[in-house]
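The following exercises are meant to be worked through with the sequence and the coordinates open side by side. Each task is followed by a solution that proceeds step by step.

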Amino acid sequence: ENLTSVRCFNLPASQEYKAGKFTSSLPLVGEPYTFKSNYTHEDGNVELPVIHFSNLYSLLEFKVYSTSSKFVGETVKSITIDAPGASLAGDFKMDVQTFDPKDFITLDFTAPASRVTVSTDVKVAADNTGSGVLMAVMPGTYTDGKITVVTDKATYVKDLAELTFARSGKH
């Protein structure tokens with residue numbers, strides 16, 4: 001019998017986004033909630049308990065586009081975030097009973113990864129109105145690194161400025 005509230009999770013460092021579908025799992029954890037013994041008010045109305053769930057990760061959306069027709073239509077093969085020393089993904093443990101959705105330090109990494117790559121087949125668009133490529137990373141503030149976009153024609157690299165990704169958010 002496993003009665004511990006500590007659970008093991010894995011956010012893969014290698015992910016896939018195909019045809020509008022993110023294929024990696026996004027586990028939800030119920031936020032702490034204390035049940036009451038009575039949900040009926042004095043006026044007879046019954047209050048239904050509401051339990052909130054949070055995604056453990058931050059979801060990044062990359063809208064890959066160009067205002068130059070020279071690059072529109074290239075096929076994006078992959079997007080990589082490389083943040084040396086950071087824990088962007090990997091194996092970790094978490095106590096689901098003491099989970100605090102606002103606390104980024106609730107995770108105990110056993111095998112962290114500082115690089116996350118999402119493989120895809122989307123085309124470079126002419127503007128940023130279309131859907132983007134999704135990638136899941138651990139929430140936190142990242143201050144160093146780079147983003148690399150590889151297409152069927154070229155490789156594009158951009159330095160990573162200081163960015164903060166909130167848990168359960170889409171950025």
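A salt bridge is taken here to be a side-chain nitrogen of Lys or Arg within 4 Å of a carboxyl oxygen of Asp or Glu. The model is a predicted one, in which local features need pLDDT of at least 70 and side-chain atom pairs count only at pLDDT 80 or more, while totals for chains, interfaces and linings use all residues. Residues are numbered from 1 along each chain as its sequence is written, and side-chain values use heavy atoms, with hydrogens and water left out.

**Exercise 1. Salt bridges**

Task: Find the salt bridges of the structure, and state for each partner where it lies and whether it is buried or exposed.

Solution. Step 1: side chains of opposite charge can pair when their charged atoms come close. Step 2: applying the cut-off gives 2 salt bridges in the structure. Step 3: one of them joins the side chains of K170 and E61, with an N to O distance of 3.7 Å. K170 belongs to the segment after β15 and E61 to strand β6, so that distant parts of the chain, 109 residues apart, are linked (helices, H or I of at least four residues, and strands, E of at least two, are DSSP runs numbered from the N terminus). Step 4: for accessibility, buried means under 20% relative accessible area, exposed over 50%, and partly exposed in between, with a 1.4 Å probe and protein chains only. K170 is exposed at 53%, whereas E61, at 25%, is partly exposed.

Step 5: R115 forms a salt bridge with D82, and here the closest N and O atoms are 2.9 Å apart. This pair also links distant parts of the chain, since R115 is in strand β10 (residues 115–120) and D82 in strand β7, 33 residues apart. R115 has a relative accessible area of 47% and is therefore partly exposed, while D82 counts as buried because its value is 14%.

**Exercise 2. Aromatic pairs**

Task: How many aromatic pairs are there, and how are the rings of F9 and F92 arranged?

Solution. Step 1: a pair of aromatic rings is described by the distance of the centres and the angle of the planes. Rings of Phe, Tyr and Trp (its six-membered ring) pair if their centres lie within 6.5 Å, and planes under 30 degrees apart count as stacked, over 60 as edge-to-face and the rest as tilted. Step 2: the count under this rule is 4 aromatic pairs. Step 3: F9 and F92 are stacked, with 5.5 Å from centre to centre and 20° between the planes. Their pair links distant parts of the chain, 83 residues apart, as F9 is in strand β1 (residues 6–11) and F92 in strand β8 (residues 89–95). F9 is buried at 18% relative accessibility, and F92 is buried at 1%.

Step 4: F71 and Y156 make an edge-to-face pair, with 6.2 Å between centres and 90° between planes. Because F71 lies in the loop between β6 and β7 (76–82) and Y156 in strand β14, this pair ties together parts that are 85 residues apart in sequence. F71 is partly exposed at 29%, and Y156 is partly exposed at 32%. Step 5: F9, Y57 and F92 form one aromatic cluster.

**Exercise 3. The surroundings of F109**

Task: Which residues does F109 touch once its neighbours within four places in sequence are left aside?

Solution. Step 1: F109 is placed in strand β9 (residues 108–113) and is partly exposed at 24% relative accessibility. Step 2: with contact meaning heavy atoms within 4.5 Å, F109 is in contact with S87, A89, G90, D91, F92 and M138. Step 3: M138 is located in the loop between β11 (133–137) and β12 (140–142) and is buried at 1%. The C-alpha atoms of M138 and R167 are 7.5 Å apart, although 29 residues separate them in sequence.

**Exercise 4. The largest pocket**

Task: Which elements give two or more residues to the lining of the largest pocket, and which gives the most?

Solution. Step 1: on a 1 Å grid over the protein atoms alone, a pocket is an open set of points where a 1.4 Å probe fits, with protein on both sides within 12 Å along at least five of seven lines, and lining residues have an atom within 4 Å of a point. Step 2: the largest pocket is lined by 23 residues, and F62, K63, I147, V149 and K158 lie nearest its centre. Step 3: the elements sought are β6 (58–62), β13 (146–151), β14 (155–159) and β15 (163–165), and β14 gives the most, with 4 residues.
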